[in-house]
Amino acid sequence: MGSVRKVRAKQVSRRSKEPEEKELSPLRNTVVRRTALTASVAALALLGTACGSSSDTAETPGGGDKAGEGKTAAKALTAAELAKAALVQADVKSGTLTEKVPAKDDIAQDKVSSTDAACAPLTFLQSGTYVGKPAAVVKRAWKGDAKKPAAGASDEDQFLAALDLEQALITLASYEDGGAEQAMKDLNTAATKCAGGFAYTVAGTKTDAAKVATTTAPEGADEALALTVSVDAEGVKAPMKSVVVRKGATVVYIPAINFAAASTGKDFTFPTELVDAQLAKLG
């Protein structure tokens with residue numbers, strides 16, 4: 001024990017002679033906390049690490065959603081067909097696309113809950129999963145290119161510049177018996193009923209969404225919905241944006257986040273190239 005104390009004493013002595021590390025500024029500390037919090041509550045933290053694998057698989061949850069007023073004439077794509085229709089790196093103009101989301105980061109529906117059942121479809125969308133019971137599902141993750149900081153930028157500005165990129169999860173789900181139309185109907189209804197905000201829990205983490213705003217939806221789909229959800233993150237209303245499009249019996253869910261915007265509350269531009277590329281590939 002005496003020798004251990006001597007070693008520890010030497011280590012302490014060496015540390016005392018080393019220059020102290022420069023502390024993070026209060027702004028940077030706040031940015032780090034908000035970024036971590038927003039990523040966690042949005043259940044999109046996986047997007048920062050889902051850029052390593054290139055294998056491709058598709059899920060078959062089993063059983064189409066029987067609910068739905070209108071019945072689509074289009075046939076539900078099989079798991080193999082859906083995987084073929086999903087985006088690959090060559091389909092996007094910028095950023096890095098991952099063809100397989102790690103299983104540990106793939107949020108299942110049963111890990112998501114909402115305090116108001118009417119808002120459940122939005123909860124699923126925010127969490128990177130799907131609405132209803134699709135016959136097959138395939139997912140992709142996309143990470144945009146970081147912006148370069150301006151010449152002479154401060155440490156804080158350089159830090160924010162590194163975070164100033166969009167990340168998105170792309171979920172393709174094919175439905176049987178009108179399930180695709182029902183999913184879109186449920187989302188539109190939820191966007192109206194929950195416009196004033198709602199609370200939800202993802203994998204044990206509770207989130208408060210303060211506001212839901214419907215924005216301009218893209219063209220080229222049978223149905224489309226675009227939303228901006230303001231999430232409470234340490235006093236900042238962090239924006240999360242989503243676009244959902246239906247083409248035949250397939251629904252594409254694309255929630256996106258910009259971590260710099262999540263830290264500051266400022267607006268960001270949704271990566272529309274993902275929607276354009278996916279619609280073009282669905283035909």
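This report walks through a predicted model of one protein chain, from the overall fold down to a few single residues.

## The big picture

Let's start with the whole chain. Its 283 residues include eight helices and nine strands. Of those residues, 47% are buried. The chain's accessible surface is about 13800 Å², and carbon and sulfur atoms account for 52% of that area.

How do distant parts of the chain come together? If you take the contacts with a separation of 6 or more, 73% of them link residues that are 24 or more positions apart.

## One sheet, nine strands

The nine strands make an open sheet with antiparallel pairing, and reading across it gives the order β1-β3-β4-β9-β8-β7-β6-β5-β2. So which strands end up at the edges? They are β1 (96-98) and β2 (112-114); each has a single partner strand, so one side of each has no neighbour in the sheet. The sheet also turns as you go across: on average, neighbouring strands are rotated by 25° against each other, ignoring direction.

Take a look at the β1 edge. Here β1 pairs with β3 (residues 136-143) in the antiparallel sense, over three bridges. One bridge partnership to find in your viewer is Thr 98 with Ala 141 in β3.

## The other edge: β2, β5 and β6

Now hop over to the β2 edge. β2 and β5 run antiparallel and are joined by three bridges, with Val 112 sitting opposite Val 202 in β5. On to the next pair: β5 and β6 are antiparallel too, with five bridges between them. In this pair, Ala 199 faces Asp 208 in β6.

β5 and β6 form a hairpin, with two residues between the strands. In that turn, Ala 203 has a positive phi of about 50°. As for cover, β5 (residues 198-202) is mostly hidden, since four of its five residues are buried.

## Helix α6 and the nonpolar cores

Helix α6 (residues 179-193) lies across four strands: β6 (205-215), β7 (223-233), β8 (236-247) and β9 (250-258). Its angle to β7 is about 45°.

What sort of side chains would you expect to find tucked away together? In soluble globular proteins, nonpolar side chains tend to be buried together. The largest nonpolar core in this chain has 39 residues, and the ones with the most contacts inside it are Leu 122, Tyr 175, Leu 187, Phe 198 and Tyr 253. Helix α6 supplies the largest share of this core, with six residues. Apart from that core there is another one, with 23 residues, including Val 92, Ala 136, Ala 168 and Ala 226.

## Two buried residues: Thr 171 and Gln 278

Thr 171 belongs to strand β4 (residues 166-174). Is Thr 171 buried or exposed? Its relative accessibility is 0%, so Thr 171 counts as buried. Beyond its close sequence neighbours (those within four places), Thr 171 is in contact with Gly 128, Tyr 130, Val 137, Val 138, Lys 139, Val 251, Val 252 and Tyr 253.

Gln 278 sits in helix α8 (residues 272-282). With a relative accessibility of 1%, Gln 278 also counts as buried. If you skip residues up to four places away in sequence, Gln 278 touches Ala 85, Ala 86, Leu 87, Ile 170, Leu 172 and Val 252. Gln 278 has company in α8, where Leu 274, Val 275, Ala 277 and Leu 279 are buried as well. The cover over the buried residues of α8 includes α3 (79-85), β3, β4, β8 and β9. Just past the helix, Gly 283 has a positive phi of about 80°.

## A loop residue: Gln 109

For a contrast in setting, find Gln 109 in the loop between β1 and β2. Gln 109 counts as partly exposed because its relative accessibility is 23%, and the cut-off for buried is under 20%.

What does Gln 109 touch? Leaving out neighbours within four places in sequence, Gln 109 is in contact with Phe 124, Thr 129, Tyr 130, Val 131 and Gly 132. Gln 109 and Thr 129 are 20 residues apart along the chain, with 6.6 Å between their C-alpha atoms. With Gly 132, there is a polar link to look for: a polar atom of the Gln 109 side chain lies 3.2 Å from the backbone oxygen of Gly 132.

Technical notes
Residues numbered from 1 in each chain as written. Predicted model: local features only at pLDDT ≥ 70, side-chain atom pairs only at ≥ 80, totals over all residues. Heavy atoms only, no water. Pairing = 2+ DSSP bridges. Axes fitted to C-alpha atoms, helices over the stretch in contact; angles between N-to-C directions. Contact = heavy atoms within 4.5 Å. Buried < 20%, exposed > 50% of the residue type's maximum accessible area, 1.4 Å probe, protein only. Areas by Shrake-Rupley, 256 points an atom, 1.4 Å probe, with all protein chains shown as cover. Core = buried A, V, L, I, M, F, W, Y, C linked by side-chain atoms within 4.5 Å. Polar contact = N/O pair within 3.5 Å; in protein donor to acceptor, adjacent residues only side chain to side chain.
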